[in-house]
Amino acid sequence: AAVRINPLETCGSDDLAAVVAARPDVVMMSKVAYPDQVAALDGALATQERRHGIAAGSIPIVPNIESAAGLLRTGAIVAASRRVVAALVASEDMAADLGAERGRDSMELAYVRQRFLIECVAAGTVAIDCPYTFADAAGAAEDARFARRLGYRAKSAVDPAHVAALNAVLTPGAAEVAAAERLVEAFEAARAAGRDRVELDGSLVELPRYLNAKRLIARAMALAGA
């Protein structure tokens, strides 16, 4: 179970004690804008872990970045504690903070999503894309396709009815895996023959595309539990 709390309000409180006693899978921190918020929660969690006999440092933190101030400090925020395993960027609160007009295509958040992903990748942290907050599943799937094209591999949801659509988009399909395996095979054969690239289907395949194909295969295997 994931528990969302505001660390500045609840660190050291009875609420946090109750959360830790329930042994949450992860604590999601809302409206994080400064690294010291993460550090404060880290310390409070350590105290509660000792009280409840839980292994030190075993409860992960996922900061939620919901403002311009937080976005500009994302790298520092995710580096503030070893507990941070991922970070999530918001949609509605972020748009409100920016004064942006919301639309189903979410173009008003395009730069936010790109910037957030770059910050997380540079810090070596999993980036969780913002939720699609409109009702239609088709729009949720389209939004997920945009996120995947940017490079996201994880996405949040506020409507359980969207989960199947999101999983379908973010999980590599059989045809994608087969194409990736074909690319890997062709590139490795070229390298074995002393060449640094290979022409495949009218496109020159070099090391970056080869590595991306390997990552797609590995992701598909991980999601399949292989």
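In which helix does L45 lie? L45 lies in helix α3, and with a relative accessibility of 0% this residue counts as buried. The structure discussed here is a predicted model, and the points below take up strand β2 and its surroundings, then the salt bridges, and finally two pairs of packed helices.

**Strand β2, helix α3 and strand β3**

- Along β2, the side chains of V26 and M28 point one way while those of V27 and M29 point the other way, and all of these residues are buried.
- In a regular strand, side chains alternate between the two faces of the sheet.
- Strand β2 pairs with strand β3, which covers residues 61–65, in the parallel sense and over three bridges; within this pairing, V27 of β2 stands opposite I61 in β3.
- The chain runs from β2 through α3 to β3, and the β-α-β crossover that this path forms is right-handed.
- L45, the buried residue of the opening question, is separated from M28 by 17 residues in sequence and by 12 Å in space, taken from C-alpha to C-alpha.

**Salt bridges**

- The count for the model comes to 17 salt bridges, and among them is the pair formed by D93 and K31, whose closest N and O atoms are 3.0 Å apart.
- Because D93 lies in helix α6 (residues 92–98) and K31 in the loop between β2 (26–29) and α3 (35–52), this salt bridge ties together parts that are 62 residues apart in sequence.
- D93 is partly exposed, its relative accessible area being 36%, and K31 also counts as partly exposed, at 46% relative accessibility.
- R102 and E108 meet through their side chains in a salt bridge with an N to O distance of 2.5 Å; R102 is partly exposed with a relative accessible area of 25%, and E108 is partly exposed with a value of 21%, where the cut-off for a buried residue is under 20%.
- D196 and R197 likewise join their side chains in a salt bridge, at 3.4 Å from N to O; here D196 counts as partly exposed at 48% relative accessibility, and R197 counts as partly exposed at 35%.
- Beyond these pairs, R113, D129, D143 and K155 are linked with one another in a network of salt bridges.

**Helix packing**

- Two packed helices are described by the angle between their axes together with the distance between the axes.
- For helix α8 (residues 137–150) and helix α9 (residues 163–170), the axes come within 9 Å and cross at roughly 30°, which makes α8 roughly parallel to α9, since angles under 35 degrees count as roughly parallel.
- The crossing of α8 and α9 is right-handed.
- For helix α10 (residues 174–192) and helix α11 (residues 207–223), the axes come within 9 Å and cross at roughly 135°, and α10 and α11 are therefore oblique to each other.
- In this second pair, α10 passes α11 in a left-handed crossing.

Definitions and conventions: Residues numbered from 1 in each chain as written. Predicted model: local features only at pLDDT ≥ 70, side-chain atom pairs only at ≥ 80, totals over all residues. Heavy atoms only, no water. Salt bridge = Lys/Arg side-chain N within 4 Å of Asp/Glu carboxyl O. Helix = DSSP H or I, 4+ residues; strand = E, 2+ residues; numbered from the N terminus. Buried < 20%, exposed > 50% of the residue type's maximum accessible area, 1.4 Å probe, protein only. Pairing = 2+ DSSP bridges. Right-handed = clockwise from strand over helix to strand, strands pointing away. Axes fitted to C-alpha atoms, helices over the stretch in contact; angles between N-to-C directions. Parallel < 35°, antiparallel > 145°, perpendicular 65-115°, else oblique. Left-handed = near helix turned anticlockwise from the far one by under 90°.
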